[in-house]
Amino acid sequence: MKLFQQISTLFLLTICFVGFDISVYNLFTKRYINSTSEQMQAKSIELDKYLPFDENSEAVKIDTDFKLTENLPVVDGAAALYPVFSAFVNAVYPQDSVVFDGENFTPESSLQYTNTLRAYKSVVDGGADIIFCAKPSAEQLEYAEEQGVELDFIPIGHEAFVFIVNNDNPVENLTVEQIRGIYSGKYRNWKDVGGDNTAIDPVQRIEGSGSQSVMMSFMDGIPMKKNLFGFMGRAVGFSFRYYVSEIVGNGGVKMLSVNGVYPDKENISSGQYPITVDFYAVYRKDNPNSNVKLLIDWILSDDGQEIVEKSGYIPIK
Amino acid sequence: MRDKLFRRILIIILIAGAVSTGMLVAYTYYLHEKCSIISYIANGG
């Protein structure tokens, strides 16, 4: 009898550990497995896919008469806009101005990529001459002010700010009021907004990232709250249309219509999609390099705007 | 089963269980730090 009890105890204990680990794996671990490449995970984009002057590159290539040969402005920016500013460099800069070591751009390269968070710091500190990003966060503006730097923001195109859910989520549309309600904690269950009876997990990005700054602006001062038990249900997240549909292209997620309008190029161009944002060329007002303004003028010209459009964004003009 | 053997097996199971759970939690935290919103949602989140 004692032997039976001992074996049962050992068996039950083993089952408890195995059961607990399987639950942790199914509830948490499995959800965080990143299906993208190492480079995508580290940098949010595959740099070599849109590398300028590379014949296999997916960066847009156009012919233009405007060329820069010296005093090249160092450009940097957001992951979602890297294909665009890489294409600008491809069209206007000499080939030897870009040095890529297979993983990163070397310090002497006129094309850099550090993503929004670091790009804003870089333009303020003088590391980059022009950065291509969405609106800055309050902290990024504050940093510029502390350093006594005035930044100029020139809109060069626009894009839809989109909300995404898992493909299996039956919800196809949310109103602006519902989205604000979800992120403010008013709606915590998908059934409150026309979906299944399951918790809503409103996920956010790190502060200072381009999409997080746009989201905070969209919330218009309403504080965002997390749903403590959201991980038990289905998530909703946000990003930029082109980044979701083209750069990442993950078939496991879908973009939602907002106020009944789907975020496709036609609805963004016509102004029907309700949440569009401008993206900017940002530079220091006191930048002495005259090529900065020349380059931006060219970006706003027909040739520059052709790159914006062919890269998948909506031209500003 | 002798009590001494039982205790030994019990300790081995406890240690193995604690180590595997700890490693799984650490691995999950590592993935959490690297996972993008899009992957998280696509995975069923």
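How many bridges join strand E3(A) to strand E10 of chain A, residues 314-315? This tour of a predicted model reaches the reply at its second stop.

**First stop: helix H1 of chain A**

Select residues 2-27 of chain A, which form helix H1(A). At 1.5 Å a residue, these 26 residues should span 38 Å, and the end C-alpha atoms lie 37 Å apart, so the expected and modelled spans agree. H1(A) is hardly covered, as the count of buried residues among its 26 residues is zero.

**Second stop: strand E3 of chain A and its partners**

Next, select residues 151-166 of chain A, which make up strand E3(A). Four pairings of E3(A) can be visited in turn, with strands E9, E10, E6 and E7 of chain A.

- Add residues 276-284 of chain A, strand E9(A): the pairing with E3(A) is antiparallel and extends over nine bridges. Within this pairing, A:Glu159 stands opposite A:Val277 in E9(A).
- Add residues 314-315 of chain A, strand E10(A): the opening question is answered here, for two bridges join this strand to E3(A), and the two run antiparallel. A:Gly157 has A:Pro315 in E10(A) as its bridge partner.
- Add residues 234-240 of chain A, strand E6(A): five bridges link this strand to E3(A) in the antiparallel sense. Here A:Ile164 has A:Gly237 as its bridge partner in E6(A).
- Add residues 253-255 of chain A, strand E7(A): three bridges connect this strand with E3(A), again in the antiparallel sense. A:Val165 stands opposite A:Lys254 in E7(A).

**Third stop: the two domains of chain A**

Colour chain A by domain: domain 1 comprises 39-158 + 278-315, and domain 2 comprises 161-276. The C-alpha centres of the two domains lie 27 Å apart. Their contact takes 16 residues from domain 1 of chain A and 16 residues from domain 2 of chain A. On the side of domain 1 that touches domain 2, helices H4 and H5 (138-146) of chain A each supply at least two residues. The residues of that side of domain 1 divide into nine nonpolar, five polar and two charged.

**Fourth stop: two residues with positive phi**

Most residues other than glycine have a negative phi. Two residues of chain A may be inspected with this in mind.

Select A:Asn115, which is found in helix H4 (residues 115-125) of chain A. Its phi is positive, about 75°, although A:Asn115 is not a glycine. Is A:Asn115 buried or exposed? A:Asn115 counts as buried because it has 20 C-beta neighbours inside 10 Å, and 20 or more is the condition for that class.

Then move to A:Phe53, in the loop between helix H2 (38-43) and strand E1 (75-77) of chain A. A:Phe53 is not a glycine either, yet has a positive phi of about 65°. This residue is partly exposed, with 18 other C-beta atoms within 10 Å.

**Last stop: where chain B meets chain A**

Finally, display both chains and select their contact, which takes 26 residues from chain B and 34 residues from chain A. Which elements give two or more residues to the side of chain B that touches chain A? They are helix H1 (3-34) and helix H2 (37-42) of chain B. H1(B) provides the largest share of that side, 14 residues. By class, the side of chain B that touches chain A has 15 nonpolar, ten polar and one charged residues.

Definitions and conventions. Residues numbered from 1 in each chain as written. Chains lettered and ligands numbered in written order. Predicted model: local features only at pLDDT ≥ 70, side-chain atom pairs only at ≥ 80, totals over all residues. Buried ≥ 20, exposed ≤ 12 C-beta atoms within 10 Å, placed from the backbone. Contact = placed C-beta atoms within 7 Å. Nonpolar A, V, L, I, M, F, W, Y, C, P; charged D, E, K, R; others polar. Pairing = 2+ DSSP bridges. Expected span 1.5 Å × (residues − 1). Domains from an automatic or database assignment.
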